[in-house]
Amino acid sequence: MVTSLPPRERPPGTETAPHAPHPADGGGGETGDPGRRGWLPWALPAVLLVALFFALPFALNARFAFSAWTGFRSEITWNGLDNFRMLVEQDLLTNAVTVTVLYAILCMAIQNTVSLSLALALQRTDRVNTVFRSVFFLPTLVSPLAAGYIWRGILDPAGPVNSFLGIDWAWLGEPATALLTVAFVDAWKWSGLITLVYIAGLNSVPRELIESATVDGAGPWTRFARVRFPLLAPAITFNVAVTLVGALSAYDVIAATTGGGPGDHTRALNIVMRQQWGQGFFGSASALSLTVTLLVIATAVPLVWWLRRREVTG
Amino acid sequence: MRASKRLLGAAACAALTLTAAGCGGAAEPGGTDGGKVTLTLWHNTADPAPLVEMYKRFERESGHTIELVPIPSDGFEDSTQTKWATGERPDILEYHATVSNLLALNPSENLRDLSGEAYVARSGDLYSSAGATGGKVYAAITGFPQVFGLYYNKKVLADAGVKPPGTFDELSAACRALSAKGVTPVFESGGSIWPVQILPLLYVSASNEANAYGKAIAGHTASLADPGSPFVAGLSSYRKLQDDGCFNKDITTATFENSMKALVTGKAAMVAQHSDMLPAMLAAAGGDQRKVDDTVGFTGLSSTKAVVTYAPGPIGTFYLPKTGDAGREQAALDFVRFMTGPAYADYVKSAKTFPVLQGVDGPQDVSPVLQDVKKAYDNGAVIAFNSDIPGMAGLAPLMSELIAGQKDPQKAATQLQGQVEQAAKAAGLPGW
């Protein structure tokens, strides 16, 4: 799960919706030119970290995707698109991209739906809700591999879930349910975190707006659909981007639950990458890694741009 | 490319020094202390206690220190390859003895030639099919090969009036009889991925006397995908067994631990596995050796005759990577000489393993199942045909697709042949 954000991303909850100035920002709204001055020193640490740990390794490693690099010989030679061609010929690349994208969409949809519902239920800060928030946050602290192994046991055909339901179904072993089930496990693991972000977002909606809407006769659903949801845009931007991009680079939960099976139904890009690496095919493994990176960039940049634009116009 | 790798390493190192003690230099193993050195040994976490005890004994007797770097047995090849690819080299590497795995280490560049060592001459023809390539011996094999065959529950077979099958036709017949009794005939462990390749490998062994088929594939005089080839026939037979309902219903999720338990408890009649699984079987029986002895038998199996298949394993197989440090290289060589020298007899005795060096007595008090394994091995075992072929690691994931019905045998064989070609060309094998 990738939890890093583009450096320009502000923490949700501290965001200010353009049409609804937050009381805490002194009504500065979008006209705050003074806020934009002197940003460089603040951005520099993040820029340096991204440059050193992302841009530089990326630039240095990208070329290996186009190289004949294996454990079988010392020379690393340029081979153009051979790695990609070979991965396509062996039925590996196309399926892996499809599985990865499908998995990311499922993860994003499940996590955001579940988390937003939980956030609405747990928004008010009181003792009971605090306990529940902590409980739902606990899985975030569990190692993804451990979470995977635990759920593998729980979802075993002879495991407690089937015993409870009184059915005999291999949740992780049937093509129809394997990917969805793994996405559910990923959602279980991360929904607590996403919920907290939504709670922060909901609590940043000015109370007077809700009260005004109530006075104007808006019911709970209208208040949510017309007032709170539009003002949640910054939190949605964060959560959708994080869940989608994180799931695109999925490895750990899949490795621990299905290992890519049944067949190749959950064989995401990073699973194939690991298999290629284990066989000593480092060039083709690098090609798969590059594919993941490009997929993340190609998804994240337009997505964040669109969602941010929606924040402004929404 | 090499320059960029160094640059990347330096960059990563520079970054890491922000939080850690630093790279190279001080943290590097192998500092000398009055001629005594520290040797790094990448070892499999499945090393049995008697083997680990031998490492400690070497330390006591030589004065050198061994720094054990554990490589998890789950994902052992991946993890070793990952560390290896970074350019990191241990003084001693415990790894597979099969030529296919050896080739992926680029031995002529990276490993020391041990052909002249005394143990090679005492190992019979072991190194004609393992631990050696290009006429040079690189491995020091101390462990008995993994012997693959069919474990069976004696009582379950007897109750169904079935004799232990030695051929796939007999296996099919046994399957029908056992299914009629409501027993799972063969327990397969697709959840662990690798075990499901064992049955097809066993099938091919009847065609692999003197490793003839393996050599033909490795030498590119035959293709895995040749219509009607032993490999395609093996996959087809596997598929037929599956279609006939011979396997457990949870084949896609079951692990090899599940298979051992199912066998010992009689829920399943047979499991295709290797001899190093006996400790797992003992664990499945709650540590009750007598129960294992009374319950479990072992037989060879192939397409047409009851022959066992063997493959040299990673446990107790050592390589000496070139490190360029004369003191440590000498100490590492001393380690190999220690393991294959007078101490070897003690290891065989304490580990209750069978010796691979001549002139060393076998262990006492070996369990009846292991005796069955040894007897079957001595009656003429055939090396697994994939032992010398690079690129065959792709078989296990393909079997997963075959089981899921996504690939037919011919298509799976064609795809695997592509992977073999990729690896063989990279390894520069003659004929490719």
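A crossing of two helices is right-handed if the near helix is turned clockwise from the far one by less than a right angle. With that in hand, here are some close-ups of this predicted model.

**View 1. Helices H4 and H8 of chain A cross in a right-handed manner.** Here H4(A) passes H8(A), residues 178-203 of chain A, and their axes come within 6 Å. The crossing angle is roughly 45 degrees, and the two helices are therefore oblique to each other. Look at the side chains where they meet: the residues of this contact comprise 20 nonpolar, five polar and one charged. You can look at H4(A) with some comfort, for this helix, residues 93-121, has the highest confidence in chain A, at a mean pLDDT of 96.

**View 2. H8 of chain A also packs against helix H11 of chain A.** H11(A) covers residues 233-248, and its axis lies 9 Å from that of H8(A). The angle between them is about 165 degrees; since angles over 145 degrees count as roughly antiparallel, H8(A) and H11(A) are therefore roughly antiparallel to each other. This crossing is right-handed. On the H8(A) side you will find Asp186(A), Ile194(A), Val197(A), Tyr198(A), Ala200(A) and Gly201(A). They meet Pro234(A), Ala235(A), Phe238(A), Asn239(A), Thr243(A) and Ala247(A) in H11(A). By class, the contact has eight nonpolar residues, three polar and one charged.

**View 3. Leu303 of chain A touches residues far from it in sequence.** Leu303(A) belongs to helix H14, residues 282-313 of chain A. Setting aside neighbours within four places in sequence, its contacts are Val240(A), Ala241(A) and Leu244(A). For Val240(A), the separation is 63 residues along the chain but 8.7 Å in space, C-alpha to C-alpha. How buried or exposed is Leu303(A)? It has 16 other C-beta atoms within 10 Å, so Leu303(A) is partly exposed. Contacts over long stretches of sequence are a feature of chain A: among those between residues at least 6 apart, 74% join residues at least 24 apart.

**View 4. Chains A and B meet in a contact that draws on both of them.** Chain A gives 37 residues to this contact and chain B gives 39. Which elements of chain A give two or more residues to its side? They are helix H2 (40-62), helix H3 (82-89) and helix H13 (269-278) of chain A. Of these, H2(A) gives the most, with five residues. The chain A side as a whole has 16 nonpolar, 15 polar and six charged residues.

**View 5. Ala85 of chain B reaches across to chain A.** Ala85(B) sits in helix H3 of chain B, residues 76-85. Not counting residues up to four places away in sequence, it touches Gly71(A) and Phe282(A). Within chain B, Ala85(B) and Leu105(B) are 20 residues apart in sequence and 9.1 Å apart in space, C-alpha to C-alpha. Ala85(B) is partly exposed, with 16 other C-beta atoms within 10 Å.

**View 6. A cis peptide bond joins Gly261 and Pro262 of chain A.** The omega angle of this bond is near -5 degrees. Pro262(A) lies in the loop between helix H12 (252-257) and H13 of chain A.

**View 7. Two residues of chain B have a positive phi without being glycine.** Ile193(B) has a phi near 65 degrees and is found in the loop between strand S9 (184-186) and helix H9 (198-204) of chain B. With 19 C-beta neighbours inside 10 Å, Ile193(B) counts as partly exposed, because a buried residue needs 20 or more. His220(B) has a phi near 65 degrees too, and lies in the loop between helix H10 (212-218) and helix H11 (230-243) of chain B. His220(B) has 16 other C-beta atoms within 10 Å and is partly exposed.

**View 8. Chain A as a whole, with its confidence.** Chain A has 14 helices and two strands, and 40% of its 314 residues count as buried. Its pLDDT averages 86, with 88% of the residues scoring at least 70. Helix H1(A), residues 33-36, has the lowest confidence, at a mean of 58. Over residues 1-32 of chain A the pLDDT is below 50, though this stretch has 44 contacts in the model beyond near neighbours in sequence. Where pLDDT is low, please do not read the predicted coordinates in detail.

Terms used. Residues numbered from 1 in each chain as written. Chains lettered and ligands numbered in written order. Predicted model: local features only at pLDDT ≥ 70, side-chain atom pairs only at ≥ 80, totals over all residues. pLDDT = per-residue confidence, 0-100. Helix = DSSP H or I, 4+ residues; strand = E, 2+ residues; numbered from the N terminus. Contact = placed C-beta atoms within 7 Å. Axes fitted to C-alpha atoms, helices over the stretch in contact; angles between N-to-C directions. Parallel < 35°, antiparallel > 145°, perpendicular 65-115°, else oblique. Nonpolar A, V, L, I, M, F, W, Y, C, P; charged D, E, K, R; others polar. Buried ≥ 20, exposed ≤ 12 C-beta atoms within 10 Å, placed from the backbone.
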